[in-house]
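Let's take a walk through this structure together. Have a look at it first, and then we'll start from one residue and work outwards.

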Amino acid sequence: MRKAGILNRHLAGALAELGHGHGVLVCDAGMPIPDGPRVVDLAFRAGVPSFAEVLEGLLDELVVEGATAASEVRRANPAASALLDGHFPGLALVPHEKLKELSARARLVVRTGEARPYANVLLRCGVFF
């Protein structure tokens, strides 16, 4: 048994299978999840776990070379917008409908219990060397 890091066996296993260029969508409880990507659903109750908690945990484990979010996050969810800007200075913004299209190509979807709008980000995995 692991004593640190991500303890959820389904999520830890899915992360271990990722490679350079793979997409990981971290999403709120309301984001429609397309058929295709592997899904690890962490949602327990509205707001639990939060988008911020899950994103922070994933960033401790992953090398990320880029990120894309919905432009609507700027006005509708200032807290999520600030969190994303703090982690991703080069954050790409697209309309929410485009983010939903892009998410169909993700390798992994991690659903949180977040109940605030537009708390979604598509991460692009990098390499550590």
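Leaving aside its neighbours within four places in sequence, which residues is Leu11 in contact with? Keep in mind that you're looking at a predicted model. In it, Leu11 touches Ile6, Val40, Leu42, Leu58, Leu108 and Val110, once those sequence neighbours are set aside.

Leu11 also belongs to a bigger group. The largest nonpolar core has 29 residues, and the members touching the most others are Leu11, Val24, Leu58, Leu108, Val121 and Leu123. At least two residues of this core come from each of H1, strand S1 (23-27), helix H2 (51-61), S3, helix H4 (78-87), S5 and S6. In soluble globular proteins, nonpolar side chains tend to be buried together. There's another core apart from that one, made of ten residues, including Cys27, Met31, Ala106 and Val109.

Now for the sheet. It is open and has six strands, lined up as S2-S5-S1-S6-S3-S4 with mixed pairing. Strand S2 (38-41) and strand S4 (92-94) are at the edges with a single partner strand each, so each has one side without a neighbour in the sheet. On average, and ignoring direction, neighbouring strands here are turned by 20° against each other.

Zoom in on one pair: strand S3 (residues 64-70) runs antiparallel to strand S6 (residues 121-125), and four bridges link them. Follow Ala67 across and you reach its bridge partner in S6, Leu123. Helix H1 (residues 9-16), meanwhile, packs on the sheet, where it touches S2 and strand S5 (108-111). The direction of H1 makes about 145° with that of S2.

Definitions and conventions. Residues are numbered from 1 along each chain as its sequence is written. This is a predicted model: local features need pLDDT of at least 70, side-chain atom pairs count only at pLDDT 80 or more; totals for chains, interfaces and linings use all residues. Side-chain values use heavy atoms; hydrogens and water are left out. Two strands pair if DSSP finds at least two bridges between them. Axes are lines fitted to C-alpha atoms, for helices over the stretch in contact, and angles run from 0 to 180 degrees between N-to-C directions. Contact means heavy atoms within 4.5 Å. A nonpolar core is a set of buried Ala, Val, Leu, Ile, Met, Phe, Trp, Tyr and Cys residues joined through side-chain atoms within 4.5 Å. Buried means under 20% relative accessible area, exposed over 50%, partly exposed in between (1.4 Å probe, protein chains only).
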